[in-house]
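Colleague: Got a minute to walk me through this model? I'd like to go piece by piece.

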Amino acid sequence: MRTPELHVCALVIALIAGRGAFAQEAPPPQPTPTPAPAPATTQTANYFNPAISVIGNFLAVGGSNSVDERPSMSLEESELGLQAVVDPYARADFFISFSDEEVAVEEGFLTFTALPWDLLVKVGRMKLAFGKINSLHPHVWPWADSPLTQDNLLGGAEGWNGDGVSLAKLIPLGETFSELTLQIVDGDGGPFAAPKRSDLAYNVHYRLFGDLSDSTNLDLGLSYAFGHNGVAADTTTGIGALDFTFRWKPLRQGTYRSATVRGELFSSRREQDGGTQDAIGWYLAADYQLAKRWFAGARVEAAEHADDAAIKDDGVAAILTFWPSEFSQLRAEFRQRRYGGPNSVSAETYTANELFLQVQFAIGAHGAHPF
Amino acid sequence: MRTTRVVSIVVLLASLAASAHAKLRVVTSLQDFASIADTVGGDRVETFALAKGYQDPHFVDAKPSFILKLSRADLLIVAGLELEIGYLPPLIDQSRNEKIHPGSPGYLDASIGCDILERPTQVVTRAMGDVHPYGNPHYWTDPENGRVIARAVAARLAELDPAGKATFDANLAAFEERLTAKESEWRAKMAPFAGTRVVTFHQSWPNFAKAFKLEIVGTVEPKPGIPPSPTHTLEIINLITAQKVPLILVEPYFDTKTPRYIAEKTGAAVLTFYPSVGGIPEIKDYIDLFDYDVNAFVNAMRGHQ
């Protein structure tokens, strides 16, 4: 309704402005115009608002699985991201996760980006740099589900996140990237449970990254985590992890062809009633880019239970992913898992065949591409 | 005691002198900016480009090895206009290098002052594909923008290394003189083809087209960043036939299957067109880039006629 008036207004302003310009001499032609960046909004109240993004993760599951029960269809997670620079010294990142059961701050941390001695310090709640995929948000995983290493040895599908401090130091080895991270968090996340306030959990992670050629690189990680497990007042759990990621991406055709092979090996030692349980778990996964928007993948995995190493689960999965654009993703995953007995269904091994159909979509600020 | 103090002062002075002569480490997102920084900075700088000239500049991996390069950089030169949004922000955050954060003297957005085209005049949404809300980020394909970038680089280098100001000014003047001479050569070569209608794969060439008076009538991509679709390919075939478009320009990092199919159906020629220095080994610097592309264009047009 107001548009005609606005048009008239604009016309009048244009006329007045035009007359003013005619009254003066025509300005000399500028060889290099310096246009100001187009201001999206000039409201200073909004100017410093954080970059906002929302990522939806919808999952439909077919087949049957009585051990790991999931709804037929669900909006598994809606992740709200709020990110901005705080001041000249730090930036802040919040990821708030909405699911059927709860609203939780998945991560919320301050990063000090202007410290000396090649240090990067984070304070707040964060995913721990333990292994490879635990530090990544599930929506950037190449699968619709979590591997058994997370489920059986790192406290569940969500893995380990904790409230505390992270200190990462760059230790360059010539042209090779090397980084040592030390993290101290509250003793209650992931596989840990703290009977006392003073029982903290610790994580040390060493990462080595090298370019083997223009188109290939290797990422290696070594982690060790330690903390109380809550079985008794002084029982502890220690977990070591080895991870590797090999990437091939010919730079010229890189948006059409690429391949990734990655794997992790966890080894857990848990003190509990009746002695110490030593459990191991691993997965090995590969992805191959078939075309610009198509990726095929496979994963094999096996993991003993941290609290009873006699129970061993294993699984295989095949994954096909299609990206309509950078901002949406459709994925189908066929998974077969064999749950070692005794489990919640029977005393014997139980096999479940399932099909996951996942739709993920992002709106808002353009996030960085996962690497 | 006194001798140790004297020695330590001498060591301190020596290290200061050494640091004054140390080269400025310049990291750029594109090889084009590295080439310009090399030309202007001479032996007072050493450069490293994150993206290779034959790589899609939108999709560069945020490799940790780049964190190492950035951690030691004195100056970071970026294209801006959100070209690097998919990989650079996390790298800068992890660089532990305050000097190259946006807003610091060690951060130079090369787009400032350049002639930027296709600034959206309406609200943009992602229904339009991968649009850049601040304008087309492939602006360095106009040599006059190269001049603006070189001036900005010279000014910034002089700010970071005041002792080198005379060198940078002299190098800039030499570059500008060479660029001016080359520009008239390129314009003369391109003049017979003024007004030629072309189809390009991605919307990377509006600045080149403006500088050399070409008319881009369509793109093989239906929308920026969206791969070719059968219906759009048919539309492009009809467009090329109706408008007698002689050339399809394809950036080196795109699949030529659809362009070759279109060429087969229409008689237009597919020409690999290099948007950046380093696209092939022959293109060693910013001047070579236009030498190569202009010659390739002229030869393709002659071949077509």
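Colleague: What order do the strands of the open sheet with E1 and E2 in chain B take, and is the pairing parallel or antiparallel?

Modeller: The order is E2-E1-E3-E4 in chain B, and the pairing is parallel. Strands here are DSSP runs (E, at least two residues) and helices are too (H or I, at least four), numbered from the N terminus; two strands pair if DSSP finds at least two bridges between them. Before we go on: this is a predicted model, where local features need pLDDT of at least 70, side-chain atom pairs count only at pLDDT 80 or more, and totals for chains, interfaces and linings use all residues. Residues are numbered from 1 along each chain as its sequence is written, while chains are lettered from A and ligands numbered from 1 in the order in which they are written.

Colleague: Ok. Which strands are at the edges there?

Modeller: Strand E2 (45-49) and strand E4 (107-109) of chain B, each pairing on one side only. From one strand to the next, the twist averages 20 degrees. Inside the sheet, E1 (24-28) and E3 (75-78) of chain B run parallel and are joined by three bridges, with B:Val27 opposite B:Leu76 in E3(B).

Colleague: And what's the order of the open sheet with E5 to E8 in chain B?

Modeller: That one goes E6-E5-E7-E8, four strands with parallel pairing. E6 (215-219) and E8 (269-272) of chain B have a single partner strand each, so one side of each is left without a neighbour in the sheet. The twist averages 35 degrees between successive strands. E5 (197-200) pairs with E7 (247-250) of chain B over three bridges, and B:Val198 has B:Leu247 in E7(B) as its bridge partner.

Colleague: Which helix lies across E5 and E6 of chain B?

Modeller: H8 (230-243) of chain B, running at about 155 degrees to E6(B). Axes are lines fitted to C-alpha atoms, for helices over the stretch in contact, and angles run from 0 to 180 degrees between N-to-C directions.

Colleague: Switching topic: how does chain B split into domains?

Modeller: Domain 1 is 2-183 and domain 2 is 185-304; such bounds come from an automatic or database domain assignment. Their C-alpha centres lie 28 Å apart. The contact takes 32 residues from domain 1 and 27 from domain 2 of chain B, where contact means C-beta atoms, placed from the backbone, within 7 Å. On the domain 1 side, the elements giving two or more residues are H2 (31-41), H5 (143-160) and H6 (165-190) of chain B.

Colleague: How do H5(B) and H6(B) sit against each other?

Modeller: Their axes come within 9 Å and cross at roughly 175 degrees. That makes H5(B) roughly antiparallel to H6(B), a label for angles over 145 degrees (under 35 is roughly parallel, 65 to 115 roughly perpendicular, the rest oblique). Residues in the contact include B:Ala150 and B:Leu157 from H5(B), and B:Phe168 and B:Leu172 from H6(B).

Colleague: What about chain A: how many residues does each chain put into the contact?

Modeller: Chain B gives 39 and chain A gives 36. H3 (64-71) and H4 (88-94) of chain B each give two or more residues, and H3(B) has the largest share of chain B's side, five residues.

Colleague: Where in chain B does pLDDT stay under 50?

Modeller: Over residues 10-19, for which the model has zero contacts beyond four places in sequence. pLDDT is the predictor's confidence in each residue, from 0 to 100. Chain B averages 91, and 93% of the residues score at least 70. The model scores ipTM 0.83 and pTM 0.85.

Methods: Contact = placed C-beta atoms within 7 Å.
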